[in-house]
Amino acid sequence: MQLYHHPLDLESQRVRLALEEEGVDYTSHHVNPITAKNLGSTFFKMNRHGRVPVFQNGSHIIYNTIDIIQYIERIAVVSSGAESISASSREVIEWMQKIQDWDPKIFTLSHIPEKYRLYVSKFIRQVAIARMSESPELASDYHRKLKEAYETEEKLKEADVLRRSKDHLVRLLDEVERQLSETPHLAGQEFTMADVMLVPVLARLELLDLENEYIIGRPNIAEYWILVQQRLSYKKVIGKYFNGWRKHRTLLKAWFLVRIRSLLKRY
């Protein structure tokens with residue numbers, strides 16, 4: 001089983017947390033969207049949207065995060081020798097979908113200093129143009145990716161778009177706060193795939209230095225956040241890259257690669 005992902009990517013974090021929680025072995029392939037590795041022709045042929053994560057088991061390829069997680073659950077049950085396949089409860093699935101309905105992309109980009117964001121955006125567009133000429137059979141897909149990049153920049157200029165993204169997040173966190181006042185985890189007493197979906201959202205808020213605004217002020221979420229960071233899966237998937245000084249190393253490495261390739265025009 002192969003997983004194409006990157007530690008910086010929120011959806012990738014969700015899938016890796018699920019793999020670690022279920023104890024499923026896999027081969028890891030880093031595909032960094034910031035340095036536009038997701039636009040390489042080999043990966044792009046696998047996923048014409050150029051997004052991570054991508055999960056591959058033989059000829060079976062899955063792109064959607066929830067679909068991947070549910071597939072991992074089935075693999076774990078079969079590997080355990082259980083006679084029947086048990087799936088996540090309806091409550092867990094509802095929470096998973098509710099959390100994924102919030103798109104972190106606009107929110108995240110809006111909290112990155114504009115000069116860095118625009119520099120990376122320009123670099124990614126240059127890479128898409130270069131790959132378009134190298135792989136004419138994929139030109140229409142690269143053109144769509146290019147258009148997507150321009151549209152994202154336009155959305156970031158619209159106050160209403162930014163407000164809706166923030167409001168959606170606030171509503172979600174308020175609902176999570178209410179639930180955690182009743183149960184220690186999102187769907188009951190045990191850590192489930194609903195928590196797998198939520199934890200990277202909290203990690204993203206901390207990465208953006210927004211924990212005081214969104215986490216600390218919600219006491220149940222704050223307590224929950226301390227608890228889940230003690231899990232081995234969190235330490236391996238997220239803490240390894242973002243705890244303390246590691247956060248700066250992970251981000252600076254990506255920024256350095258973008259700068260060098262831009263200066264050398266190695267798109």
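This is a dialogue between a learner and a teacher about reading some features of one predicted model.

Me: Which residues does the UniProt annotation "domain: GST N-terminal" cover?

Reply: According to the UniProt record, an unreviewed entry, that annotation covers residues 1-80. Over this stretch the predicted chain is 42% helix and 19% strand, and the C-alpha atoms at its two ends are 17 Å apart.

Me: How should I read the sheet, and in what order do its strands lie?

Reply: A sheet can be read by listing its strands in the order in which they lie side by side, which here is S2-S1-S3-S4, an open sheet of four strands with mixed pairing. The edge strands, each of which pairs on one side only, are strand S2 (27-30) and strand S4 (60-62). Neighbouring strands of this sheet are turned against each other by 15° on average, with direction ignored.

Me: In which sense do S1 and S2 pair, parallel or antiparallel?

Reply: Strand S1, residues 2-5, pairs with S2 in the parallel sense, over four bridges. To find the place in the structure, look for Leu3, which stands opposite Ser28 in S2.

Me: Is Arg16 buried or exposed?

Reply: The word depends on relative accessible area, and buried means under 20%. Arg16, which lies in helix H1 (residues 10-22), has a relative accessible area of 7%, so this arginine counts as buried. Arg16 can also serve to compare sequence with space, for Arg16 and Val127 are 111 residues apart in sequence and 27 Å apart from C-alpha to C-alpha.

Me: What is the general idea of a salt bridge, and how many does a search of the whole structure find?

Reply: Side chains of opposite charge can pair when their charged atoms come close. A search of the whole structure finds 16 salt bridges, and one of them joins the side chains of Glu21 and Arg231, at 2.9 Å from N to O. Glu21 lies in helix H1 and Arg231 in the loop between helix H11 (219-228) and helix H12 (232-242), so this pair ties together parts that are 210 residues apart in sequence. Glu21 is partly exposed, with a relative accessible area of 26%, and Arg231 also counts as partly exposed, at 28%.

Me: How far apart along helix H7 are Asp141 and Arg144?

Reply: Asp141 and Arg144 are three residues apart in helix H7 (residues 139-155), which means that about one helical turn separates them. Their side chains meet in a salt bridge of 3.1 Å, N to O. Asp141 is buried, with a relative accessible area of 9%, whereas Arg144 is partly exposed, at 32%. Both residues also belong to a network of salt bridges that links them with Arg48.

Me: With which residue does Glu154 form a salt bridge?

Reply: Glu154 forms a salt bridge with Lys157, and the closest N and O atoms of the two are 3.2 Å apart. Here Glu154 counts as partly exposed, at 43% relative accessibility, while Lys157 is exposed, with a relative accessible area of 63%.

Me: Which residues make the nonpolar surface patch?

Reply: A patch of this kind is read as a group of nonpolar side chains at the surface, and here Phe256, Leu257, Ile260, Leu263 and Leu264 make one of about 490 Å². Ile260 is found in helix H13 (residues 246-263), and this isoleucine is partly exposed, with a relative accessible area of 34%.

Technical notes
Residues numbered from 1 in each chain as written. Predicted model: local features only at pLDDT ≥ 70, side-chain atom pairs only at ≥ 80, totals over all residues. Heavy atoms only, no water. UniProt positions renumbered as here; feature names shortened; annotations may be inferred. Patch = residues over 30% accessible without salt bridge, like charges linked within 9 Å, V, L, I, M, F, W, Y side chains within 5 Å. Areas by Shrake-Rupley, 256 points an atom, 1.4 Å probe, with all protein chains shown as cover. Salt bridge = Lys/Arg side-chain N within 4 Å of Asp/Glu carboxyl O. Buried < 20%, exposed > 50% of the residue type's maximum accessible area, 1.4 Å probe, protein only. Pairing = 2+ DSSP bridges. Axes fitted to C-alpha atoms, helices over the stretch in contact; angles between N-to-C directions.
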